[in-house]
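Let's walk through this model together, starting with how its chains are related and then turning to the fold and the place where they meet.

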Protein chains: 2
Amino acid sequence: MALIVQKFGGTSVGSLERIENAARRVAQAKKRGHDIVVVSSAMAGTTDRLISLAKEVQPFPNPRELDMLLATGEQQAIALFAMTLQRMGVKAVSLCGWQVPVITDDVHTKARIKEIHTRKLKELLSKGYIPIVAGFQGVTKEGEITTLGRGGSDTSAVALAAALKADFCEIYTDVDGIYTADPRIVPNARKLEKIAYEEMLELASLGAKVMQIRSVEFGSKYGVRIHVRSSFSEEEGSWIVPEEEIMEKIAVRGITSTDKEVQFTIVKVPDKPGIAAKIFKALGDAHIAVDMIVQTVSVNGYTDMSFTVSENDAPLAKEILEKVAKEIGAEKVLMDPDVSKVSVVGLGMRSAYGVAGKMFDVLAKHNINIKAISTSEIRISCLIARKYTELAVRALHEAFIENDKVNFVGDK
Amino acid sequence: MALIVQKFGGTSVGSLERIENAARRVAQAKKRGHDIVVVSSAMAGTTDRLISLAKEVQPFPNPRELDMLLATGEQQAIALFAMTLQRMGVKAVSLCGWQVPVITDDVHTKARIKEIHTRKLKELLSKGYIPIVAGFQGVTKEGEITTLGRGGSDTSAVALAAALKADFCEIYTDVDGIYTADPRIVPNARKLEKIAYEEMLELASLGAKVMQIRSVEFGSKYGVRIHVRSSFSEEEGSWIVPEEEIMEKIAVRGITSTDKEVQFTIVKVPDKPGIAAKIFKALGDAHIAVDMIVQTVSVNGYTDMSFTVSENDAPLAKEILEKVAKEIGAEKVLMDPDVSKVSVVGLGMRSAYGVAGKMFDVLAKHNINIKAISTSEIRISCLIARKYTELAVRALHEAFIENDKVNFVGDK
């Protein structure tokens, strides 16, 4: 008999029929003798509809009032979810974030969970009830409703599982697990049986949209085992677990790509001490994060300097850089939006040599020029022309994964 | 400089344009130097839509979960209302019932307000904010969301005005005041400048749909002056005030009718002690309220007994009465749904003689037969055949109001 947190995303509760489907799953797990806590998102489309209503009123809605408005989406879903379970003869009680309570800081629309009180939940569980908790929302110490940002329900679920010391947390979604690459790009992509938090974090922040980053951080910090699976099938999904649970530290767990970055190049920068600092301080002051910095070898006292910023920051970055370029006497600023970043991620990279060399080799073989490189302990990323993205991902997948032996689901 | 509670009903906030119209009114009052607390209903149609969604899940939805679901309607409206005021440059903060808090008992879907904490509201007012409070909802001491029943936002508003000792409470609605009779029936009906709580209670419970009865009771109990007016015009509406404020205690303030009752007649009841008790106890045990009792003169030890019950209770009443009739040896039970109750209401009735006589006379003149009579201190009601309803109301209006001099708006 386990304690399980089951989280259902927006598509999994997108209609009364789907809520019924989700409730049936919950009822089955309860029947098997488990204690269940449900976390539900708003019905698919609700949050977007409320946001566009708010934007009709105020182009930049007051964050505190926006949270007040958006929190109703989950509240409706949990009430309907509880009613559905009750109709099936299962004892269930819905709870808003403030009723649990899930205490957050006061940064509206992207609040962070500070503490979770478990007394009420434990009391309900001990009386045989299934608590249906509204995901995505919390409350400040002062009693203000907050929301956790897009995908926040994942974080709610993992945090609740941590607070309750649940055996594991199931994330029911519209994909059936985590793949070695985006199956729409790589038809041979395979579902992973297990992936470490660290690997998932690199994949999530690099473009894999399965889980909110913060929820994985939470899982990692508190050691919550997370099972990502489809709400429309009985199949096992993928487990996100502590590194220690993964026996085989393969070099490359997955390949991912993102085209949400833009490359800037400042041409003919005078190669003097303090110049680079001036450029990056100006961007830092505007809260613009910079990645993949490349500086060419100095020729006649001049150098070219390139780096990437997120596409959201690009217009502001351009403005700032053109001002700075004038000040430091650089020739001009070039902006290249037609780039994308492909990455290979894997825990085993720490001990395996030659991953970088092999990656460059694979790209070179396909005549794909590498514009910049960045690395972490368990990741290597290359910036390439955007048109080569899919080709690069497929080629890297073939080289690192299809021709390698790893513990995929079904392999054993 | 006054403290005013302004309540906007569902039609007054039925679209973003209407919320804007309502917000403009609030902003104007604020600009004139008044302190304002807004109470808002859900946008028109929202509550009905949520109820039918719930009924799709459970034909008789769990009341606790229904309250959880319905409370989202007002929460959405207040967030949008606050945003609208903010866009106009007015400081505003929305508050759910539990955030005020408005403490109620735990009778879900028809909870009663127990206490209202004013600390937070007063703090916001003192900082120049306009609190936008969700009507219709409250919270139990245990932190459960409750709702106050249909029209509950009126009660929220009047109760808040009482708790804050506001100068008065404005009820913005889609009618422009309280009339001497339903203007759809009586084209000559006139808008009342003032009406006493007691009169309004009799009118409200007899079919005038302007205000929820409980809100008027609240106003009466705490002496809250209530101004019922249209949100679509600048015109003065009608004031509901303490009796003392009404100088002229005219005999008849208004005429009203209701066709929501059904008349039962038990034919040939043995005229013995305890028989009537037996009949009415059986109905009372089933929580069926009885009105307008008539007993014919006993003939040969038998009598006929008539009374009315609400049409909702009629099917159950019929079942019970047929059983009781058999037990007591009565001949049969007749049910007449084609009746309606017309009433004249006025404080002055206490001191004016002859109102009843004049009423019977007017009905007789139009050949309208009186099936039963009931009275209170300030009301006389006659049960008549339903087809005569409008004729009776018009005739009584003409006799008591059009041919009488009273303090109507515009008369002065």
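To compare the two copies, they are superposed by least squares on the C-alpha atoms of residues with pLDDT of at least 70 in both. Keep in mind as you look that this is a predicted model. Any two copies of a chain are related by a rotation about an axis and a shift along it. Here, a turn of 179° with a shift of 0.0 Å along the axis lays chain A on chain B with an RMSD of 0.1 Å. That is the relation of a two-fold axis. If you would like a landmark for the axis, go to A:Thr72: its C-alpha lies 2.7 Å away, the closest approach of any residue of chain A.

Now for the chain itself. Chain A contains 11 helices and 20 strands, and its C-alpha trace spans about 80 × 55 × 30 Å along the principal axes. The radius of gyration of chain A is 24 Å, which agrees with the value near 22 Å for a compact globule of 412 residues. Of those 412 residues, 46% are buried. Among contacts between residues at least 6 apart in sequence, 75% join residues at least 24 apart.

Where do the chains meet? In the contact between them, 24 residues of chain A face 24 residues of chain B. Helix 2 (46-57) and helix 3 (63-87) of chain A each supply at least two residues of the side that touches chain B, and helix 3 gives the most, with 13 residues. By class, this side of chain A has 11 nonpolar, 10 polar and 3 charged residues. Finally, 100% of the interface residues of chain A are also interface residues in chain B, so the copies meet through the same surface.

Technical notes. Residues are numbered from 1 along each chain as its sequence is written. Chains are lettered from A and ligands numbered from 1 in the order in which they are written. This is a predicted model: local features need pLDDT of at least 70, side-chain atom pairs count only at pLDDT 80 or more; totals for chains, interfaces and linings use all residues. Two residues are in contact if their C-beta atoms, placed from the backbone, lie within 7 Å. Helices (H or I, at least four residues) and strands (E, at least two) are DSSP runs, numbered from the N terminus. Ala, Val, Leu, Ile, Met, Phe, Trp, Tyr, Cys and Pro count as nonpolar, Asp, Glu, Lys and Arg as charged, and the others, Gly among them, as polar. The radius of gyration is taken over C-alpha atoms; the globule rule is 2.2 Å times the number of residues to the power 0.38. A residue is buried if 20 or more other C-beta atoms lie within 10 Å of its own, exposed if 12 or fewer, and partly exposed in between; C-beta atoms are placed from the backbone.
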